[in-house]
Amino acid sequence: MATATRLGKIAVAAVATAAGGSILLQPSLASNDRGTSGHALESYRNKINDLTAVVPPRSVQESALIGASPVNPLDILVVGGGATGCGVALDAVTRGLRVGLVEREDFSSGTSSRSTKLIHGGVRYLEKAVFNLDYKQLKLVFHALEERKQFIENAPHLCHALPCMTPCFDWFEVIYYWIGLKMYDLVAGSRLLHLSRYYSAQESVELFPTLARNGQGRSLKGTVVYYDGQMNDSRVNVGLACTAALAGAAVLNYAEVVGFLKDEGNDRIIGATIRDKLSGREFDTYAKVIVNAAGPFCDSVRKMADKEAVSMICPSSGVHVVLPDYYSPEGMGLIVPKTKDGRVVFMLPWLGRTVAGTTDSNTGITMVPEPHEDEIQFILDAISDYLNVKVRRTDVLSAWSGIRPLAIDPSAKNTESISRDHVVCEDYPGLVTITGGKWTTYRSMAEDAVNAAIKSGKLKPTNECVTNKLRLVGGDGWGPAYFTVLAQQYLRMKKSHSGKVVPGVMDTAAARHLSLAYGILGEKVAAIAQNENLGKRLAHGYPFLEAEVAYCARHEYCESAVDFIARRSRLAFLDTDAANHALPRKLSSLQRMLTSTMESTVSFQTPNQPTNQPSRKFSRKLSPPL
């Protein structure tokens, strides 16, 4: 009966959309909700979790931005559609403010899709806090642990706890890491995911079969396992954007700020000129406060306002490679705290493959950061010291690099000693900048930025921040066994080469993928696969379905093939060969299907790219295009 009810709501939503049904645009709390955060939270939960609700189409979002005038401005315009920017939009709109957001590429096209995929409490900060007697570092750990817990609770379908194994090759290391990680447990308190523990050498290789018992003249004495969180980063980011849109924010990707509008009287920034990169048109939009959340590019945004602005960003890159699943077991990661050059190397299971990578190294700021061959080889050499299998360059399925926007500490000698705490400042009237920090703390960073914007613009929110208790779209009502509903209730209807429709089973792999990627909205995707004959897989060996392309184009602001392959499905990050195979053959046919069958027009094209951007073809050496 519950399934039938959900299907009925989905059908009603589809009919309402086709008929031009009501779409949420502005935050509109009922009068009896105003003034109390509890009532506001419940009101927004109802909006976000209403299965009949749909995100406003791109044209409506752009119209909302154009409609913001000098006499009726937005409260806040956010520049940047990464984790922090979308977090700011969600925080502000759920305080009853009028909010717009623009992103010059796709949501999560930059750093936010290129992370380690970890939601970590900052165990390295704890080590620094103890040895340097640094209370500031200890506060970072407390803060990160609290945010880690809320992060996982707010997006349960996209996040989970992951055990991480630290190998020890002498008894001092065993004692050192055991004591350190027990302190980590103690500091976590009620925020603890699971207790850390020691495993003998024999137990360790049973848990992690590819772990070497001997290496570099040393024998394994055991391992210490602790827990952190893991996520599907770009899908969390897209979820933030869609949740903000459902709550009433006007969010727009492929919309670039090309200049600021200033009050002639006091020189305060009062708006921005936006270029729609899909159509090429430009328009002005007005806001009481601009929040600069452009990540590594926040200095370029600041210099639009003031050419003399001093740079705040110290860019640092993290390089990652993807390897076949046999390199690591499904439920266990491996973290080496100190390699030959002092960096951390990790190897983590992720979406059926293994992600290996390093921590910080100095880099420049570029639109398309690319890992160099020597960095890829360093990772392979580093992990080979701890594995009993041959690590081959030909096993690399994909590689990418992400730029972390660390805030500069003038006394720091290298990026490792720079604090990961975030910085909020207003060094030009009307422009609030938020930078630094990390994925784990995006929510509290957004809260601080909105607080600063409220102060700057003398804004009048209707309630306090509620995002610490607000689940992202698809998360409310989801449970780990939800995939069984999809497996039991739906078929994957597929078209053969001859055009004949062939029914197929919604197998466990596909059902589990839809459940983990879309939460309870996976049922909408399954319904498309069944009712529109889009149940075929996009790539051999991967669970991604044709139906997801249709769903993401209609409900997740997916504007191009690369948007889907790289940030909605993650195929480009998992396997470049599979992505190259899917792009020309599969997605071109789906484009024709979408444009001919959808009630509303969906521009499924490659947005205008700068001439220095790579082509669509993904390379195993280079990172996927933004």
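Which residue just after helix 5 takes a positive phi? L133 does, with a phi of about 50 degrees. The structure is a predicted model. The protein has 626 residues, of which 59% count as buried, and its secondary structure comes to 19 helices and 22 strands. The points below begin with the whole protein and then turn to helices 5 and 7 and to three buried residues.

**Whole protein**

- The accessible surface of the protein comes to about 24600 Å².
- Carbon and sulfur atoms account for 55% of that accessible surface.
- Among contacts between residues at least 6 apart in sequence, 74% join residues at least 24 apart.

**Helix 5: the buried side**

- Y125, L126 and A129 are the buried residues of helix 5.
- These residues lie on the same side of helix 5, because they cover an arc of only 105 degrees around the axis.
- An α-helix has 3.6 residues a turn, so residues three or four places apart point the same way.
- The cover over the buried residues of helix 5 includes helix 6, residues 135-154, and helix 7.

**Nonpolar surface patch**

- V130, F131, I175, W178, I179 and M183 make a nonpolar surface patch of about 570 Å².
- Two elements give two or more residues to this patch: helix 5, residues 123-131, and helix 7, residues 171-188.
- Helix 7 provides the largest share of the patch, with four residues.
- One of the patch residues, I179, is found in helix 7.
- I179 has a relative accessible area of 42%, so I179 is partly exposed.
- Helix 7 therefore has two roles here: helix 7 is part of what covers the buried residues of helix 5, and helix 7 also gives residues to the patch, where partly exposed I179 has its 42% relative accessible area.

**Q230 in strand 8**

- Q230 is found in strand 8, which spans residues 222-231.
- Q230 counts as buried because its relative accessibility is 2%, and buried means under 20%.
- The side chain of Q230 reaches the backbone oxygen of P349 at 2.8 Å.
- Beyond residues up to four places away in sequence, Q230 touches K117, L118, I119, L158, C159, H160, L162, L348, P349 and W350.

**T116 in a loop**

- T116 sits in the loop between strand 2, residues 99-103, and strand 3, residues 118-119.
- With a relative accessibility of 14%, T116 counts as buried.
- The side chain of T116 reaches the backbone nitrogen of L118 at 3.3 Å.
- Leaving aside neighbours within four places in sequence, T116 is in contact with H320, F346, L348 and R404.
- L348 is among the contacts of T116, and L348 is also among the residues that Q230 touches.
- L118 links the two descriptions as well: the T116 side chain reaches the backbone nitrogen of L118, and Q230 touches L118.

**Y254 in a loop**

- Y254 lies in the loop between strand 9, residues 250-253, and strand 10, residues 255-262.
- Y254 is at 1% relative accessibility and therefore counts as buried.
- Y254 and R275 are 21 residues apart in sequence.
- In space, the C-alpha atoms of Y254 and R275 are 8.3 Å apart.

Terms used:
Residues are numbered from 1 along each chain as its sequence is written. This is a predicted model: local features need pLDDT of at least 70, side-chain atom pairs count only at pLDDT 80 or more; totals for chains, interfaces and linings use all residues. Side-chain values use heavy atoms; hydrogens and water are left out. Patches are made of residues with over 30% relative accessible area and no salt bridge: like charges are joined within 9 Å, nonpolar side chains (Val, Leu, Ile, Met, Phe, Trp, Tyr) within 5 Å. Accessible areas come from the Shrake-Rupley method with a 1.4 Å probe; for residues, only the protein chains shown count as cover. A salt bridge is a side-chain nitrogen of Lys or Arg within 4 Å of a carboxyl oxygen of Asp or Glu. Buried means under 20% relative accessible area, exposed over 50%, partly exposed in between (1.4 Å probe, protein chains only). The arc is that of the directions from the helix axis to the C-beta atoms. Contact means heavy atoms within 4.5 Å. A polar contact is a pair of N or O atoms within 3.5 Å; within protein, one must be able to donate a hydrogen and the other to accept it, and residues adjacent in sequence count only if both atoms are side-chain atoms.
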